[in-house]
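Reader: I'm new to this. Please take one part of this model and walk me through it closely, with its partners and surroundings.

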Amino acid sequence: METAEKMVQEEKFSYDGYQVVRGEFFAHTYEPSITFNNSKVYVNTACLNRMPTVEYIQILINQQTKKLVVRPCGEDEKDSFRWCSNTGKRRPRQITCRIFYAKLVEMMQWNPMYRYKLLGKMITANSEQLYIFDLTATEVYQHIRQGEGKVENSRTPVFPSEWQNQFGLPVEEHRKQLQINIFDGYTVFGMKDTCSREKG
């Protein structure tokens, strides 16, 4: 007869000295992400799958906290745009946004020739479901020059230099980062697509 495993009660355990390992250090195919590359922005399929009825969104930026929010909205709301294909099988759309991309690159001091990918979290705030992304926590994919002058994106990400000697944030700081007022100081950005706006 099997005996139940005894649970050890540790009275003196403390999170002091522990760091929460960054999600960026793990494989995350099924985690929500947003990518900026070549004056375009697009989310991954995981974002669409978690909001299966959403077709239009707004992007909000907080310049003080360097956070980006993807907010579902109606087609007729100001500065809304379609984030997925208008077909039976929903796929992410790459949205051309040269002015927004240039402003974001300038604000974050990014290299406009690189690809930047950010992991996000779905949260509920003010009775709305949103995605929130930390613009300072990016995976950077540099361009590699191949033979005959061909340039391709690297498949290996480069992380911010300050991450080099840490696994992540201390537990208490990590908790505080989750306690945010989503709309405090946010600016809504409209995307301009090079194609005519899809209806349907």
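**A strand and its partners**

Author: Start in β9, where I132 is the bridge partner of K121. The model is predicted, so local features need pLDDT of at least 70 and side-chain atom pairs pLDDT 80 or more, while totals for chains, interfaces and linings use all residues. Residues are numbered from 1 along each chain as its sequence is written, and side-chain values use heavy atoms, without hydrogens or water.

Helices (H or I, at least four residues) and strands (E, at least two) are DSSP runs, numbered from the N terminus. The chain has three helices and 13 strands. Two strands pair if DSSP finds at least two bridges between them. β8 and β9 do so in the antiparallel sense, over 10 bridges. Their hairpin has two residues between the strands, and N126 there takes a positive phi near 50°.

β9 also pairs with β5, again in the antiparallel sense, over four bridges. There, V69 stands opposite I132. So what covers this strand? Call a residue buried under 20% relative accessible area, exposed over 50%, and partly exposed in between (1.4 Å probe, protein chains only). In β9, 11 of the 14 residues are buried. Across the chain of 200 residues, the buried share is 38%.

Next, the cores. A nonpolar core is a set of buried Ala, Val, Leu, Ile, Met, Phe, Trp, Tyr and Cys residues joined through side-chain atoms within 4.5 Å. In soluble globular proteins, nonpolar side chains tend to be buried together. The largest core here has 30 residues, and I34, F36, L68, V70, W83 and W110 touch the most other members. Among the elements that each supply at least two residues are β5 (67-73), β8 (115-125) and β9 (128-141). The helix α2 gives the most, with five. A second, separate core has five residues, including V69 and I132. L60 and L130 belong to this second core too.

Look at α2 for a moment. F100, Y101, L104, V105 and M108 are buried. Down the helix axis, the buried residues fall within an arc of 130° (taken from the directions from the axis to the C-beta atoms), so they line one face. The face turned away carries the exposed residues R98, I99 and E106.

Back to K121. It is exposed, with a relative accessible area of 53%. Its side chain meets that of E31 in a salt bridge (4.0 Å, N to O). The pair ties together parts 90 residues apart in sequence, because E31 lies in the loop between β1 (19-21) and β2, and K121 in β8. E31 is partly exposed, at 29% relative accessibility. A salt bridge here is a side-chain nitrogen of Lys or Arg within 4 Å of a carboxyl oxygen of Asp or Glu.

The structure holds five salt bridges. Another joins R71 to E77, with the closest N and O atoms 3.4 Å apart. R71 counts as buried at 16%, whereas E77 is partly exposed at 35%. Salt bridges that share partners link R71, E77 and E128 into one network.
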